[in-house]
Amino acid sequence: MSAPSADAGTRRALVVVDVQNDFCEGGSLAVAGGAQVAAVIADYVALADYDVVVATQDWHVDPGEHWSETPDFSDSWPVHCRAESDGAAFHDEFAPVVDRLDAIFRKGEYAAAYSGFEGALAGGDESLASWLRDAGVGSVDVVGIATDHCVRATALDAVSEGFATRVLLGMTAGVAADSTDAALTTMRDAGVELVGQPVVG
């Protein structure tokens, strides 16, 4: 993985959010449709023509109250995506295109982190926003899991960081219809362009 040379603000990136085992069927915090989305994203990455393709991972070591034995599924959640565990690994359907990624950003080691922009370069400390700017990126497409949580947070932060932002909803999976609908409204109101329809569990 290596950062492309910069061409300030004119390049386009695909940001793949948290396509990990624990967020797909059989995982500790599974989202219905997650495996399907992983497969569709892999096919897309193999064919799409982006200047930059990056991915994010939940990567928890000790995230405090983010993990709970009695989760409220709002601020606390079952144990998931423990660093170096199989649950934190990319899903098998997505794994074949991991070697096409230009960078991986990990988030949430010691605190809750929903947005990929809260993460740092795997093996380093550079933020996603800084890395994208250094790579000359001005616009991003966001896909992944879950529409109503980490995809939403990543897209909102992308807009806040000044990137022209689209969410390709056909390559996202949401936890529930009501929360996904609310997330779509929030993203749209913030200036995120929404394309297609999400897979909703």
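**Note on the predicted model**

1. Asp18 has a relative accessibility of 0%, so this residue counts as buried. The model discussed here is a predicted one. Asp18 belongs to the loop between E1 and H1. Its phi is positive, near 55°, although the residue is not a glycine. As background, most residues other than glycine have a negative phi.

2. Asp18 also takes part in a salt bridge with Lys107, in which the closest N and O atoms are 2.7 Å apart. This pair links distant parts of the chain: Lys107 is in strand E3 (residues 103-107), Asp18 is in the loop between strand E1 (11-17) and helix H1 (34-47), and 89 residues separate them. Lys107 is buried, as is Asp18.

3. Lys107 has a further salt-bridge partner in Asp58, with 2.6 Å between the closest N and O atoms. Asp58 is part of strand E2 (residues 52-58) and Lys107 of strand E3, so this contact ties together parts 49 residues apart in sequence. Both Asp58 and Lys107 are buried.

4. A third salt bridge to look at joins Glu161 and Arg133, whose closest N and O atoms are 2.6 Å apart. Glu161 sits in the loop between H3 and strand E6 (164-174), and Arg133 in helix H2 (residues 128-134), so the pair ties together parts that are 28 residues apart in sequence. Glu161 is partly exposed because its relative accessibility is 34%. Arg133 has a relative accessible area of 41% and so is partly exposed as well.

5. How many salt bridges does a search of the whole structure find? The search gives five. Besides the pairs described above, Arg12, Asp141 and Arg166 are linked in a network of salt bridges. In general, side chains of opposite charge can pair when their charged atoms come close.

6. Arg12 has a ring contact too: it lies over the face of Tyr50, 4.1 Å from the ring centre. In a second contact of this kind, the charged end of Arg106 sits over the ring of Trp59, at 3.7 Å from its centre. For contacts between rings, the count is four aromatic pairs.

7. Is helix H3 mostly covered or mostly open? H3 (residues 147-160) is mostly covered, with ten of its 14 residues buried. Among them are Thr147, Asp148, His149, Cys150 and Val151 at the start of the list, and Ala158 at its end. Just after H3 comes Gly162, which has a positive phi of about 95°.

8. The loop between strand E5 (137-145) and H3 contains Ala146. The peptide bond from Ile145 to Ala146 is cis, and its omega is near -5°. Most peptide bonds, by contrast, are trans.

9. Glu84 is another residue to check for backbone geometry: its phi is positive, about 75°, and it is not a glycine. Glu84 is located in the loop between E2 and E3. With a relative accessibility of 66%, Glu84 counts as exposed, whereas Asp18, at 0%, counts as buried.

10. The largest pocket holds about 230 Å³ of space. It is lined by 16 residues, and those closest to its centre are Phe23, Leu29, Trp77, His149 and Val175. Of these, His149 is also one of the buried residues of H3. By type, the lining comprises twelve nonpolar residues, three polar and one charged.

How values were computed:
Residues numbered from 1 in each chain as written. Predicted model: local features only at pLDDT ≥ 70, side-chain atom pairs only at ≥ 80, totals over all residues. Heavy atoms only, no water. Phe/Tyr/Trp six-rings, centres within 6.5 Å; stacked < 30°, edge-to-face > 60°. Lys NZ or Arg CZ within 6 Å of the ring centre and 35° of its normal. Buried < 20%, exposed > 50% of the residue type's maximum accessible area, 1.4 Å probe, protein only. Helix = DSSP H or I, 4+ residues; strand = E, 2+ residues; numbered from the N terminus. 1 Å grid on protein atoms, 1.4 Å probe; cavity = no way out; pocket = protein on both sides within 12 Å on 5 of 7 lines; lining within 4 Å. Points joined across faces, edges and corners; volume = space filled by probe spheres on them. Nonpolar A, V, L, I, M, F, W, Y, C, P; charged D, E, K, R; others polar. Salt bridge = Lys/Arg side-chain N within 4 Å of Asp/Glu carboxyl O.
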